[in-house]
Amino acid sequence: MEHDVIVIGAGLAGLVATCELADAGKKVLLLDQEPEASFGGQAWWSFGGLFFIDSPEQRRLGIKDSEELAWRDWMHSAGYDREEDEDKWGKKWAEKYLEFAAGKKREWLQKLGIRFFPIVGWAERGAVLPNGYGNSVPRFHITWGTGPGLVAPFAQKVRNYIATGQVDYKARHRVDQLLKENGAVTGVYGSILEPSSAGRGEDSNRNVIGEFKYRAQAVLVASGGIGGNFDLIRKNWPSRLGAPPKQMISGVPKHVDGRMLAIAEEAGSRIVNRDRMWHYTEGIKNWAPIWSRHGIRILPGPSSLWLDAEGNRFKEPNYPGFDTLSTLEAIQKTGYDYSWFILTQKIIEKEFALSGSEQNPDITGKSITQVLKRVLPGAPGPVQAFMDKGEDFIIANELDTLVEEMNRLSGDSLLDPGSIRRQIAERDEIIMNPAANDTQINAIHESRKYISEKLIRVAPPHQMLDSDNGPLIAVRLHILSRKTLGGLQTDLQGRVLDLNGYPIDGLYAAGEVAGFGGGGLHGYRSLEGTFLGGCLFTGLVAGKNIAEALGSRNVHSSDAIQV
């Protein structure tokens, strides 16, 4: 055979695995349906957030964390309830992943030249509430350089191997079938797509101009999830979250279509936890879209008032940045696909961050000078651009005018100015009291006890209706598609399992297509920073185990993890 291993998908998991395989002397065929412009996949567009436990950054900020505390947070949030079946391997992967996040993960990445922003973020902060889900301490570490900075060392290493002939990379090669002989996967068959000038993330054509067939000793599927396929999202949507959204925007490019899940299933693979997915509730339409229905996620601090489409304040734990899954359920059960933030200029200046590498040019560009400008008065540049140009933003000096414009934007005229004024006034009356009988206000005060939160993330408590804190701002929020939490069930070597739970000879999976490990590493909820981490971990483990199964010819392989 010309190639030892075929890797399907040139995203982060595929690149990590390809590096590991090529380091071990394996000849790798790397296939991807997209043009070369999209080399690196979804990870390139990310904020670069990674989950670490008891990191130097946490310790410098006085954040007390441990693997035991992280495991308690993880287990409570994951809610594994299929442990003898669909959760069997996902939970085992979670145990190994937390060991990795508390141990060699950071050292491994640092050896590759990857560095981290010194301020640790607090995503999914719902664990501060009684019986809440999420992180009980900040654990969200932003890669210096965001997604492109995380992808770069792996992409460069693969390109170096392409130059030497160790890796054979073929863009516009779409796999349509896994080939099998005597029960083992032995290769792939697919379509060669017409060349495309589409830029990174842009929609590319699906015009077939030829076909291909390749064989190898092992095939690794690293093709991503279903976030760009709204039909498949709605098909798998669980009834516990209410009706599937009629209207959504997309947090991932159109090519994140989930095709390889069905193709692997046709070859005998088992898909588990189809009903588990992770879609954000703070989506806004991109005023400068790159792909179809392109949306951006707001990473909110805790202070905004969150109202449903009819103007009713959401109840605990459905506060900004606290519990994504619970808030998604609450929104969908209103019968509407959107909700509202109401906030002030002071809040937006300090608490609004936008997810994505292109929305954070200072950190993506590794510019300390530009990062320091974030402490200056005014909203960050990308946020201000949405305030000026985004269709979901409304700014007004008077509350009645704000509500009138909110009704005009939605076209539903559901909002009553008197009701909204009453709810804001009730909040304003107690906002300065840390012991108020309001869990959101309590959490705001608790968050500011962390120096990182107080400095750049959580605005000083203030009254919204005081004109000195204005103007008032309303933001219409959409459901934003993003991640697949279920997928191909894999064992701890990354081998794909069949319907009876046995490994399919020659077939492996890594990344989102494998539910970030075992077909469901996260269970029902993510603690955040674990999607990129799951791609790194599963790609590393699968690449290492494939190389060992085939017999290594070199000894350059990473010693970052042993499973």
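So, strand S9, residues 218-221, and strand S21, residues 503-509: these two run parallel, and three bridges join them. If you want a spot to click on, take Val 219, which stands opposite Leu 507 in S21. Keep in mind that what we have here is a predicted model.

Now zoom out to the sheet around that pair. It's an open one with six strands, and the order goes S5-S2-S1-S9-S21-S20, with mixed pairing. At the edges you find strand S5, 167-171, and strand S20, 495-497, each of which pairs on one side only. On average, neighbouring strands in this sheet are turned by 30° against each other, if you ignore direction.

What lies across this sheet? Helix H1, residues 12-23, lies across strand S1 (5-8), strand S2 (28-32), S5 and S9. Relative to S2, helix H1 runs at about 170°.

Okay, on to charges. Side chains of opposite charge can pair when their charged atoms come close. How many salt bridges does the structure hold? There are 39. I'll just pick a few.

One is between the side chains of Asp 168 and Lys 170, at 4.0 Å, N to O. Lys 170 counts as partly exposed because its relative accessibility is 22%, and the buried class stops under 20%.

Next, have a look at Glu 391. It forms a salt bridge with Lys 285, and the closest N and O atoms there are 3.4 Å apart. That pair links distant parts of the chain: Lys 285 is in strand S12, residues 277-285, while Glu 391 is in the loop between helix H13 (381-389) and strand S17 (393-396), 106 residues apart. Both ends are partly exposed, with Lys 285 at 30% relative accessible area and Glu 391 at 44%.

Glu 391 also forms a salt bridge with Arg 476, with the closest N and O atoms 3.1 Å apart. Arg 476 sits in strand S18, residues 472-484, and Glu 391 in that loop between H13 and S17, so this pair ties together parts that are 85 residues apart in sequence. And is Arg 476 buried or exposed? Buried, because its relative accessible area is 9%, and the cut-off for buried is under 20%.

Last stop, a network. Salt bridges that share partners join Asp 81, Arg 82, Glu 86, Asp 87, Arg 240, Asp 275 and Arg 276 into one network. Try colouring those residues on your own screen, and then we can talk.

Notes: Residues are numbered from 1 along each chain as its sequence is written. This is a predicted model: local features need pLDDT of at least 70, side-chain atom pairs count only at pLDDT 80 or more; totals for chains, interfaces and linings use all residues. Side-chain values use heavy atoms; hydrogens and water are left out. Two strands pair if DSSP finds at least two bridges between them. Helices (H or I, at least four residues) and strands (E, at least two) are DSSP runs, numbered from the N terminus. Axes are lines fitted to C-alpha atoms, for helices over the stretch in contact, and angles run from 0 to 180 degrees between N-to-C directions. Contact means heavy atoms within 4.5 Å. Buried means under 20% relative accessible area, exposed over 50%, partly exposed in between (1.4 Å probe, protein chains only).
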